[in-house]
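Colleague: I am new to this structure and would like to learn the reasons behind the words you use. Could you show it to me and let me ask?

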Amino acid sequence: MLSVGIDIGGTKVAAGVVDESGQIVRRIQRLTPSRSPEAVENAIVESVRELAHNLPICAVGIGAAGWIDTEQALVRFSPHLAWRNEPLRDRLSERITVPVLVDNDANAAAWAEFRFGAGQGSRVMVCLTLGTGIGGALVINGRMFRGRYGMAGEFGHMTVVPDGHWCPCGNRGCWEQYASGNSLVRDARALLAEGAPGAQGLLAYIADRDPDNLVGPDVTRAAVDGDRLAIELIADIGIWLGRGMANLAAALDPDLFVIGGGVSAAGDLLLEPARTVYARTLTGRGFRPMADIQKAHFGNDAGLIGAADLARHSINEPPGMARGFWPRRRTAVRKQRRTLRQSLSETLASPVVREK
């Protein structure tokens with residue numbers, strides 16, 4: 001079965017048709033039209049219409065930055081878009097004829113890695129995406145752990161430095177203020193502005209001697225190309241990453257950390273310092289197995305692949321009614337599965353997008 005995955009970002013909408021093995025068989029990308037919920041909804045529907053042309057699509061999955069409820073239907077809050085308690089699944093279902101599922105973008109990326117990428121075979125996998133902030137997700141025994149209210153995995157907002165840097169979440173000293181793309185850019189700009197040793201190298205050239213010109217991928221690319229200051233900055237991110245992972249290991253005892261996001265493009269320049277500090281600060285070190293730490297496999301495609309597969313998976317495993325949980329609801333689970341299967345054959349024979 002083919003399904004559509006859509007990754008909604010603050011600047012772009014990336015979408016694709018994904019098969020059961022996680023391969024993207026058709027893809028498109030367009031700019032996020034605006035912060036308007038209606039405009040983003042229209043962009044999603046048009047993406048589905050274009051992708052589904054002459055293909056038997058069984059479901060549509062949406063990955064969006066923000067807090068999604070456990071029914072994978074309601075966007076409670078999105079930092080980059082004007083979604084506030086937005087019933088996105090129901091609104092889209094008025095215009096899309098196949099089942100629609102909404103999930104957090106980090107959950108979608110983690111699911112792609114668990115199913116098809118670096119996380120295959122893990123029992124307890126923590127996925128961390130180092131981008132503008134730190135996205136987090138947890139897969140335990142083959143199930144995405146979302147918490148009671150759908151808001152688990154906000155690891156980037158653990159306080160690691162009391163009274164540290166302010167975070168957009170409203171707190172101070174959050175982990176993502178020290179181990180993310182934003183922190184990388186903040187420190188790089190400050191060092192260039194101060195004329196720190198090594199600040200006249202490749203980073204200064206890339207920035208055209210104006211620190212405000214720097215963005216995160218510039219620093220990562222300069223590090224990969226051998227710029228000493230950029231390498232030191234990436235290593236600092238790795239040190240903070242290792243400390244945070246050791247804290248997560250004390251609470252979750254995972255067998256694998258998968259590291260994705262734009263900063264992970266630095267590869268071992270980031271991961272080796274992280275592994276070293278993780279091993280040095282892990283509680284019970286020397287008397288316990290240590291989790292493996294791997295770079296994510298799918299890069300920027302993880303969100304759409306995971307969203308598509310989660311949507312396909314939901315046909316047999318309805319959101320909020322996972323097999324093996326809440327036994328008193330198993331009859332409802334079976335009934336919902338039968339309903340979905342009965343409607344699937346009908347919807348596959350119909351246009352995927354309804355006309356307004």
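Colleague: Which residues does Leu-270 touch, not counting residues up to four places away in sequence?

Modeller: Happy to start there, and please keep in mind that this is a predicted model. Leu-270 touches Leu-130, Ile-234, Ile-237, Gly-238, Leu-241, Ile-259, Val-263 and Ser-264, with residues up to four places away in sequence left out. Leu-270 is also among the residues with the most contacts inside the largest nonpolar core, together with Leu-128, Phe-257 and Ile-259.

Colleague: How many residues does that largest nonpolar core have, and which elements each supply at least two of them?

Modeller: The core has 41 residues. At least two residues each come from β9 (124–130), β10 (134–140), α4 (181–194), α5 (202–206), α6, α7, β12 (256–260) and α8 (268–281). The largest share, 10 residues, is that of α7. There is also a second, separate core of 30 residues, which includes Val-4, Val-13, Val-102 and Val-353.

Colleague: Why are α6 and α7 called roughly perpendicular?

Modeller: Look at the angle. The axes of helix α6 (residues 216–224) and helix α7 (residues 228–252) cross at roughly 110°, coming within 7 Å. Roughly perpendicular covers 65 to 115 degrees, so α6 and α7 fit that name. The crossing of α6 past α7 is left-handed.

Colleague: Which residues make that contact of α6 and α7?

Modeller: From α6 come Val-219, Thr-220, Ala-222 and Ala-223, and from α7 come Ala-230, Ile-231, Leu-233 and Ile-234. Sorted by class, the contact of α6 with α7 has seven nonpolar residues, one polar and no charged.

Colleague: What makes α4 roughly perpendicular to α6?

Modeller: The reasoning runs the same way. The axes of α4 and α6 cross at roughly 75° and come within 8 Å. That angle falls in the range of 65 to 115 degrees, so α4 is roughly perpendicular to α6. Leu-184, Val-185 and Ala-188 of α4 make the contact with Gly-216, Val-219 and Thr-220 of α6. These residues divide into four nonpolar, two polar and no charged.

Colleague: And why is α7 called oblique to α8?

Modeller: Here the angle is about 40°, with the axes 7 Å apart. Roughly parallel needs an angle under 35 degrees, and roughly perpendicular starts at 65, so α7 is oblique to α8. α7 passes α8 in a right-handed crossing. The residues of α8 that meet α7 include Leu-269, Leu-270, Pro-273 and Ala-274. By class, the contact of α7 with α8 has 15 nonpolar, three polar and one charged.

Colleague: Let us turn to single residues. How do you know whether Ser-47 is buried or exposed?

Modeller: Its relative accessible area is 1%. Buried means under 20%, so Ser-47 is buried. Ser-47 has its place in helix α1 (residues 37–51). Among the residues Ser-47 touches are Ile-6, Val-13 and Arg-30, not counting residues up to four places away in sequence.

Colleague: Why does Asn-54 count as exposed?

Modeller: The relative accessibility of Asn-54 is 67%. Exposed means over 50%, so Asn-54 counts as exposed. Asn-54 lies in the loop between α1 and β4 (57–64).

Colleague: What is the phi of Asn-54?

Modeller: Asn-54 has a positive phi of about 65°, although it is not a glycine. Most residues other than glycine have a negative phi. Asn-85, in strand β7 (residues 84–86), has a positive phi too, near 50°.

Colleague: What makes Gly-261 count as partly exposed?

Modeller: Gly-261 has 33% relative accessibility. Partly exposed lies between 20% and 50%, so that is the name for Gly-261. Gly-261 sits in the loop between β12 and α8. Neighbours within four places in sequence aside, Gly-261 is in contact with Thr-129 and Leu-130.

Colleague: And how do you know how Ser-93 counts?

Modeller: At 29% relative accessibility, Ser-93 falls between the cut-offs of 20% and 50%, so Ser-93 counts as partly exposed. Ser-93 is in helix α2 (residues 88–93). Ser-93 touches Val-100 and Arg-354, not counting residues up to four places away in sequence.

Note on methods: Residues numbered from 1 in each chain as written. Predicted model: local features only at pLDDT ≥ 70, side-chain atom pairs only at ≥ 80, totals over all residues. Heavy atoms only, no water. Axes fitted to C-alpha atoms, helices over the stretch in contact; angles between N-to-C directions. Helix = DSSP H or I, 4+ residues; strand = E, 2+ residues; numbered from the N terminus. Parallel < 35°, antiparallel > 145°, perpendicular 65-115°, else oblique. Left-handed = near helix turned anticlockwise from the far one by under 90°. Contact = heavy atoms within 4.5 Å. Nonpolar A, V, L, I, M, F, W, Y, C, P; charged D, E, K, R; others polar. Core = buried A, V, L, I, M, F, W, Y, C linked by side-chain atoms within 4.5 Å. Buried < 20%, exposed > 50% of the residue type's maximum accessible area, 1.4 Å probe, protein only.
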